[in-house]
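Please read these points with the structure open beside you. They are meant for a student who is looking at a model of this kind and wants to know what to check.

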Amino acid sequence: MSTFRFIEKSLVVLCVIGLFLKFSSGAGGGLLLLLSMSLLAVLYLFFAGFYFRVERFRFSTSVFPGITGLFLAIGCISILFKLMYWPGSALLLLAGVAGTAFVMSYATYRRNRSAEDEKKR
């Protein structure tokens, strides 16, 4: 799990460097931003399921971590589309944010419900 965090933080740092280069008209800023955001989306899509299956998320079923990773990946790609001024970014951003909000609210509900069930025991 620490490897996941290290890779995630490294890619976020590369995203920030790419943003700085892109908006300061530096060479390679768009390419660095494209590569780092795409790799971050792939990381979330394929490996978020393993990250969200730890014991602290007792409510996680086999489907929930995959859905969480999918919506996090859609969010990363939609932010990339918005920063690169590509068409279709508004709809993609709406889908990513709405899906992530739904998943996180469901996770909060299930966590509170499982905490109440443990108190009753």
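## Notes on the model

1. Confidence. This is a predicted model, and among its helices the confidence runs from a mean pLDDT of 82 in helix H4 (residues 89–120), the lowest, to 88 in helix H1 (residues 2–23), the highest. Over the whole protein the average pLDDT is 82, and 85% of the residues score at least 70.

2. Overall build. The protein contains 4 helices and 0 strands. Followed along the sequence, the pattern reads α-α-α-α. Among contacts with a separation of 6 or more, 60% link residues that are 24 or more positions apart.

3. Inside and outside. The protein has 121 residues, and 29% of them count as buried. It exposes about 8,000 Å², and carbon and sulfur atoms supply 70% of that area.

4. A buried serine. Is Ser-78 buried or exposed? Ser-78 counts as buried because its relative accessibility is 0%, and the cut-off for buried is under 20%. Ser-78 sits in helix H3 (residues 64–83). With neighbours within four places in sequence left aside, Ser-78 is in contact with Leu-92 and Leu-93. Both fall in the range of helix H4, residues 89–120.

5. The loop between H3 and H4. Tyr-85 is found in this loop. The residue is not a glycine, yet Tyr-85 has a positive phi of about 60°. Tyr-85 is exposed because its relative accessible area is 64%, where exposed means over 50%. When you inspect the backbone of the loop, Tyr-85 with its positive phi is a residue to look at.

6. A nonpolar patch on the surface. Which residues make the nonpolar surface patch? They are Val-42, Leu-45, Phe-46, Phe-47, Phe-50 and Leu-70, and the patch covers about 590 Å². Helix H2 (residues 29–51) gives the largest share, 5 residues. One of the patch residues, Leu-45, lies in helix H2. Leu-45 is classed as partly exposed because its relative accessible area is 36%, which falls between the limits of 20% and 50%.

7. The cysteines. How many disulfides does a search of the whole structure find? The count is 0. Cys-15 is in no disulfide, and the nearest cysteine sulfur, that of Cys-76, is 7.5 Å away. Seen from the other side, Cys-76 is likewise in no disulfide, with the sulfur of Cys-15 as its nearest cysteine sulfur, 7.5 Å away. The two sulfurs do not count as a disulfide because that requires them to be within 2.5 Å. Cys-15 is buried because its relative accessible area is 7%. Cys-76 also counts as buried, because its relative accessibility is 9%. For background, a disulfide is a covalent bond between the sulfur atoms of two cysteines.

8. An exposed phenylalanine. Phe-102 belongs to helix H4. Is Phe-102 buried or exposed? Phe-102 is exposed because its relative accessible area is 58%, and the exposed class begins over 50%. How far apart are Phe-102 and Phe-71, and what is their separation in sequence? From C-alpha to C-alpha they are 9.7 Å apart in space, while 31 residues separate them in sequence.

Definitions and conventions: Residues are numbered from 1 along each chain as its sequence is written. This is a predicted model: local features need pLDDT of at least 70, side-chain atom pairs count only at pLDDT 80 or more; totals for chains, interfaces and linings use all residues. Side-chain values use heavy atoms; hydrogens and water are left out. pLDDT is the predictor's confidence in each residue, from 0 to 100. Helices (H or I, at least four residues) and strands (E, at least two) are DSSP runs, numbered from the N terminus. Buried means under 20% relative accessible area, exposed over 50%, partly exposed in between (1.4 Å probe, protein chains only). Contact means heavy atoms within 4.5 Å. Patches are made of residues with over 30% relative accessible area and no salt bridge: like charges are joined within 9 Å, nonpolar side chains (Val, Leu, Ile, Met, Phe, Trp, Tyr) within 5 Å. Accessible areas come from the Shrake-Rupley method with a 1.4 Å probe; for residues, only the protein chains shown count as cover. A salt bridge is a side-chain nitrogen of Lys or Arg within 4 Å of a carboxyl oxygen of Asp or Glu.
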